[in-house]
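The exercises below are meant to be worked through with the sequence and the model side by side. Try each task before reading its solution.

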Amino acid sequence: MTKQTHTVLTPTGTLGYGFGAEAFARGMAMSPDVIAVDAGSTDPGPHYLGSGEPLVSRISAKRELTQMIKAGRAAGIPVIVGSAGGAGCKAHVDWTVEIVREIARESNLHFKLATIYSDVSRERLAEALSRNEVKDFEAGFQLTPEMVEQAGAIVAQMGHEPIVEALKAGAEVIIAGRACDDCAIAAHPIYSGADPALAIHMGKILECGAFSAEPFAMDVMLGILQPGHFELEPGSPNRRASVTSVAAHSLYERENPFLQAGPGHQLDLSACTFEQSGERRVRVTGAQFLEDEDYWVKLEGVRQTGYRTICVAGIRCPTLIARLDELLEQVRVETLEYFDDPSLHIGYTVYGRDGVMGALEPQAAISSQEIGLVIEAIAVDQTLARGACHHVSGGLLHLHYDGLYNTSGNLAFLYSPSEIDAGPAFEFSIYHLMKVTSPTELFPLHLEDL
Amino acid sequence: MSGQPQKLRELAKIVRSKNAGPFRLTFDILFADRKAFEVVRDARAITREAVARAYKIREDQISSIYEIPTGNAFKVTLHRPVVQGAMGETDVYGCQQHVPLLDLPVARG
């Protein structure tokens with residue numbers, strides 16, 4: 001007999017961001033069929049994919065993985081982690097897997113571990129490009145062979161299929177690289193025979209944990225999927241799912257509220273309904289699964305733009321604030337001429353004016369009596385970046401201008417040293433779709449018995 | 001004709017901004033009930049023209065605007081002026097860009 005109820009426990013919105021022990025215990029008491037959690041996205045920016053540094057601390061990741069794996073083993077249910085490590089690249093997956101192996105050793109647990117990588121080689125992408133099997137997603141530019149050549153790490157977002165394959169192979173803990181958040185959470189219900197449309201829509205709302213509850217928090221959320229609908233309920237009795245909180249989350253971090261594209265499919269959400277089915281529960285119906293003719297995956301890639309050094313300073317003198325832009329530009333131009341290196345870029349962020357909103361700030365005038373200035377230099381190497389950043393801060397510090405009263409210096413430096421090396425700087429350079437031969441082609445599965 | 005138009009902040013329950021991928025900023029505007037949603041909808045307060053004016057941007061920088069009656073919500077999405085995390089970008093999570101919407105005028109019907 002096909003299973004009728006599929007319960008997914010998602011402990012938190014991002015692995016390593018924490019969840020309540022009591023809420024987790026209460027959720028486990030509801031007999032979930034799987035524990036599934038998302039561990040990353042592009043939301044923290046290009047640094048993590050570029051550097052391979054994990055998004056969260058090893059302490060946090062290990063603590064939460066230990067809780068999840070112990071609970072999963074005790075209940076005999078699988079544990080699934082999607083977008084491991086933050087960006088889901090090889091370094092992130094390997095980092096997470098190493099923690100899992102350590103947990104197994106230390107807690108004397110034995111299980112079948114699946115590792116699914118999601119890295120795309122530049123060669124594979126260049127081939128696809130030459131076959132016209134790459135298209136722009138939202139980047140606003142077409143990919144060129146030169147851009148592929150310049151790219152550092154590239155990952156593709158897997159759908160549910162590679163994770164389903166791991167479950168079919170008997171995996172009890174699955175560490176997946178970059179995965180479409182919704183699909184990683186939906187994989188186990190789909191593997192167990194649930195409607196993929198409802199499973200993926202449920203995954204979309206569950207992927208941020210109790211962010212779809214009120215009051216919202218990084219905490220435990222459960223999805224209970226049955227034929228024709230699913231219900232959401234937070235793990236903590238101090239939260240509830242409401243129609244507003246769930247419908248609001250259905251819109252979160254995406255553009256089109258009615259059509260949600262994923263690997264190989266689109267979800268039509270235009271006929272969805274949300275109703276309160278209990279004090280703390282919301283029932284959702286109506287998602288439709290539209291299978292794409294060809295299977296395209298979304299690629300995420302970054303390129304290193306150089307090395308960054310920053311300086312943080314304050315300005316209080318009204319004579320300088322009045323002429324700020326002109327004087328900042330004067331020192332910028334002088335510094336570029338001094339170093340005369342085409343790789344050098346100098347930028348300013350002016351807090352107290354448009355430091356938060358940048359180009360979108362509609363109010364141009366400075367209304368504060370003090371401003372915070374961040375000077376940024378990016379160059380081909382760290383030495384040049386630091387030298388240029390110091391030249392800018394020193395230039396501004398001792399700049400003479402008409403109307404100056406204080407001849408002792410123009411900047412209040414926050415730290416000594418005044419310049420801070422921020423290391424390699426990255427930017428997103430690939431956000432495109434690539435056609436693949438199968439849903440699992442790019443996502444090799446490795447199994448091991450721990 | 002009586003007084004100033006209301007502002008969106010007086011009617012909406014949630015006005016928030018966030019990334020929708022590295023190249024888009026998306027705004028969710030949610031109302032506590034259908035009535036408030038309908039007041040704003042019927043006043044045609046959230047249009048390309050109104051959003052462009054609030055941010056002092058061109059209308060073609062607005063990617064889309066959706067009305068979502070089932071959620072008592074509107075959704076506005078912009079092309080990011082600077083790609084998330086690139087040099088000169090100021091809000092990695094895109095979560096502090098909502099303020100000009102709070103003061104959108106909502107003319108009384």
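Contact here means heavy atoms within 4.5 Å. The model is a predicted one, in which local features need pLDDT of at least 70 and side-chain atom pairs count only at pLDDT 80 or more, while totals for chains, interfaces and linings use all residues. Residues are numbered from 1 along each chain as its sequence is written, chains are lettered from A and ligands numbered from 1 in the order in which they are written, and side-chain values use heavy atoms, with hydrogens and water left out.

**Exercise 1. Find the surroundings of A:Val34 and state whether this residue is buried or exposed.**

Begin with the contacts: not counting residues up to four places away in sequence, A:Val34 touches A:Thr7, A:Val8, A:Leu9, A:Ile77, A:Pro78, A:Ile80 and A:His188. Next, place the residue in strand S2 of chain A, where helices (H or I, at least four residues) and strands (E, at least two) are DSSP runs numbered from the N terminus. Then consider its accessibility, for which buried means under 20% relative accessible area, exposed over 50% and partly exposed in between, with a 1.4 Å probe and protein chains only. With a relative accessible area of 0%, A:Val34 is buried. Finally, compare sequence with space: A:Val34 and A:Tyr48 are 14 residues apart in sequence, and their C-alpha atoms are 28 Å apart.

**Exercise 2. Describe helix H3 of chain A, and say which elements its buried residues pack against.**

First take its length: H3 covers residues 58–75, which makes 18 residues, and reaches 25 Å from its first C-alpha to its last. This is close to the 26 Å expected at 1.5 Å a residue, the expected span being 1.5 Å times one less than the number of residues. Now look at the buried residues of this helix, among them A:Ala61, A:Leu65, A:Met68 and A:Ile69, and also A:Lys62, A:Glu64 and A:Arg73. The buried residues pack against helix H1 (21–28), strand S2 (34–38), strand S3 (79–82), H4 and strand S7 (173–176) of chain A. At the end, the helix is followed by A:Gly76, whose phi is positive, near 70 degrees.

**Exercise 3. Locate the largest nonpolar core and the helix that gives the most to it.**

A nonpolar core is a set of buried Ala, Val, Leu, Ile, Met, Phe, Trp, Tyr and Cys residues joined through side-chain atoms within 4.5 Å. The largest has 64 residues, and those with the most contacts inside it include A:Leu125, A:Ile163, A:Leu232 and A:Met434. Helix H9 (residues 196–206) of chain A gives the most to this core, with seven residues. Leaving aside neighbours within four places in sequence, A:Leu232 is in contact with residues including A:Met202, A:Ile205 and A:Leu206, as well as A:Arg280 and A:Val282. A second, separate core of 36 residues includes A:Leu9, A:Leu15, A:Phe24 and A:Ile103.

**Exercise 4. Work out how many disulfides the structure holds.**

A disulfide is a pair of cysteine sulfur atoms within 2.5 Å, and the structure holds zero of them over all chains. A:Cys180 is in no disulfide, and the nearest cysteine sulfur, that of A:Cys183, is 3.8 Å away. At 7% relative accessibility, A:Cys180 counts as buried. A:Cys208 is likewise in no disulfide, its nearest cysteine sulfur being that of A:Cys180, 13 Å away.

**Exercise 5. Examine the salt bridges, and say where the partners A:Asp94 and A:Lys90 lie.**

A salt bridge is a side-chain nitrogen of Lys or Arg within 4 Å of a carboxyl oxygen of Asp or Glu, and a search of the whole structure finds 44 over all chains. The side chains of A:Asp94 and A:Lys90 meet in one of these (2.6 Å, N to O). Because they are four residues apart in helix H4 (residues 90–107) of chain A, the two are separated by about one helical turn. A:Asp94 is partly exposed at 26% relative accessibility, and A:Lys90 is partly exposed at 44%.

Turn next to chain B, where the side chains of B:Asp103 and B:Lys7 meet in a salt bridge (3.9 Å, N to O). B:Asp103 lies in the loop between helix H4 (99–102) and strand S6 (105–106) of chain B, and B:Lys7 in strand S1 (residues 6–7) of chain B, so the pair ties together parts that are 96 residues apart in sequence.
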